[in-house]
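This report goes through a structure in steps: its chains, the contact between them, and selected local features. The sequence and structure come before the text.

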Amino acid sequence: MDTLPDRASLRDVARVCLDAAKVLIASGAETARVEETVTRIGAACGVEVESIATPTGITVSVGGNRPVTRLARVRVRTIDMSKVAAVNGLSRSLEAGEISLRTAGNELCRLLQSPGPNLGTRSRRRMFLAQSLATSGFALLVGGGPRELVPALLLGLLARLIDERVASLPPFLAVFLNALAVSLCAGLSRHVLPEVNVDILIVAGVIPLLPGLALTNAARDLMAGELIAGVARGADSILTAAALAGGVCLGVSLMALHP
Amino acid sequence: MSLLLKALGVLVGTAASAVLFNVPRSALLWAALAGLMGWAVQVRVGLNGVPPAAGALLGALTVSLTGEALARARRMPALVFVVPGILPLVPGTRAFQAMLALLRQDHGLAALEATQALVAAGGIAVGLLMGTALTRAWGRPTAQVLPLSSPPPELPRKARHRAVILPLWKDRNDLSD
């Protein structure tokens, strides 16, 4: 392998790099990790790889003198830490020489085509359970007692149901509608259970909607020197927080109209 | 007693949000632990009279450092532990009180609460920044690129010496001495 790598193998490396980057960006990995993974895959194959990743797409250039350059646009982004961890492990074992480029490519194809965490009945049931548990746990955190536990469980189920319905809308609108529905339903619960603290329910209900991933990624990207991605993610988290605040504001003022 | 109840809430809430983010099953408990540690630090320094924003900063710093340590120990991205872990630190109640005050047109109280919430949120961001900055250099093996492509061919010396301005009228092919 001391000759120049031929075009076909460069194209193979470029495809694997691009697939890895697509999975990572679509699952919510930070940009610095995307570029590092791509460089690692290239290093494992013995070719130089340069890449520019943003939160919305990636350009990969493989090979030194006459590079193969490809780009991909990522339009749909979800949060799926399992896939991030899987690609991370894949690039590690590729670097250690435990698997071949072909195996890695097949595995990445499978990851690209596998549905998100919200599909499939079993994982769907798990998501419902998780959101209701999260809401009741945070209800305890913000000062709720045993009285708020059951309403918080139900509120979590409802928030998850709405989350599924609005998933195809633009993210800003989805968060707004979800926050609006949570605050409206928490307000309505006062008519059924007069002694429940509505404020605690609302706060606990919207904590799972907070832009924690965007904020963490913004911090990590800025510290890694990824200025564009860091600022973009910071703007994303501010926008999401504003949508959340708007939804809760509207919901609370609607409930105030109808005491 | 109420603190114990809250700690239980933090554990359950963080682990359940980790499931929502589809964190791998083997990391769920560790993510909840990172969240619990960050929250415990925030509460502990709050008892000593440290202002809430600084508490949020120290809590986020704890979560970030714990996440990075876990990432190296368990060979997983640090995000897996940090993203669920910072949720208990968020000043949700303050932000909500600010909103309520705003709706009641009590702008003084709204400004007070909103400022405190914003500063605490900024504290979380700065804590994360500090944690990442402190650990970026640690034990992270850098990718070794071993280029197989041959280096660019060296120009022959003669040709380099030839780089003189040629008279325009001279035939350019006539370079050989």
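What follows describes the two chains, their interface, a nonpolar surface patch and the surroundings of one threonine.

**Chains**

The model is predicted. Chain A contains 10 helices and three strands, and along its sequence the elements follow the pattern α-α-β-β-β-α-α-α-α-α-α-α-α. Chain B has seven helices and zero strands, which gives the order α-α-α-α-α-α-α from the N terminus on.

The table sets out values for chain A and chain B.

| Property | Chain A | Chain B |
|---|---|---|
| Buried residues | chain A: 52% of 259 residues | chain B: 39% of 177 residues |
| Accessible surface | chain A: about 11900 Å² | chain B: about 10100 Å² |
| Carbon and sulfur share of that surface | chain A: 62% | chain B: 67% |

Contacts within each chain can also be sorted by sequence separation. In chain A, 65% of the contacts with a separation of 6 or more are between residues 24 or more positions apart. For chain B, residues at least 24 apart make up 66% of the contacts between residues at least 6 apart in sequence.

**Interface between chain A and chain B**

How many residues of chain B are in contact with chain A? The count is 54 residues of chain B, in contact with 62 residues of chain A. Together the two chains bury about 5000 Å² between them, and carbon and sulfur atoms carry 70% of that area.

On the polar side, the count between chain B and chain A is one salt bridge. This salt bridge joins the side chains of A:Arg220 and B:Glu68, with an N to O distance of 3.0 Å. The rule also finds five residue pairs in polar contact across the interface, both residues being at pLDDT 80 or more. On the side of chain B that touches chain A, at least two residues each come from α1, α4 (79-85), α5 (92-103) and α6 (107-135) of chain B. The element that gives the most to this side is α1(B), with 11 residues.

**Nonpolar surface patch**

Helix α1(B) also takes part in a nonpolar surface patch, to which it gives the most, with four residues. The patch covers about 510 Å² and is made by A:Leu129, A:Leu133, A:Leu153, B:Leu5, B:Leu8, B:Leu11 and B:Val12. At least two of its residues come from each of α5 (121-141) of chain A and α1 (2-20) of chain B.

One of the patch residues, B:Val12, lies in helix α1 of chain B. Is B:Val12 buried or partly exposed? B:Val12 counts as partly exposed because its relative accessibility is 30%, and the range for that class runs from 20% to 50%.

**Surroundings of A:Thr69**

A:Thr69 belongs to strand β3 (residues 68-73) of chain A. Its relative accessible area is 49%, so A:Thr69 is partly exposed; the exposed class would need over 50%.

Which residues are in contact with A:Thr69, leaving aside its neighbours within four places in sequence? They are A:Thr59, A:Val60 and A:Ser61. With A:Ser61 there is a polar contact between the two side chains, at 3.3 Å. A:Glu50 is 19 residues from A:Thr69 in sequence, and the C-alpha to C-alpha distance between them is 9.3 Å.

Technical notes. Residues are numbered from 1 along each chain as its sequence is written. Chains are lettered from A and ligands numbered from 1 in the order in which they are written. Side-chain values use heavy atoms; hydrogens and water are left out. Patches are made of residues with over 30% relative accessible area and no salt bridge: like charges are joined within 9 Å, nonpolar side chains (Val, Leu, Ile, Met, Phe, Trp, Tyr) within 5 Å. Accessible areas come from the Shrake-Rupley method with a 1.4 Å probe; for residues, only the protein chains shown count as cover. A salt bridge is a side-chain nitrogen of Lys or Arg within 4 Å of a carboxyl oxygen of Asp or Glu. Buried means under 20% relative accessible area, exposed over 50%, partly exposed in between (1.4 Å probe, protein chains only). Contact means heavy atoms within 4.5 Å. Buried area is the accessible area (1.4 Å probe) that two parts lose on being put together, summed over both. A polar contact is a pair of N or O atoms within 3.5 Å; within protein, one must be able to donate a hydrogen and the other to accept it, and residues adjacent in sequence count only if both atoms are side-chain atoms.
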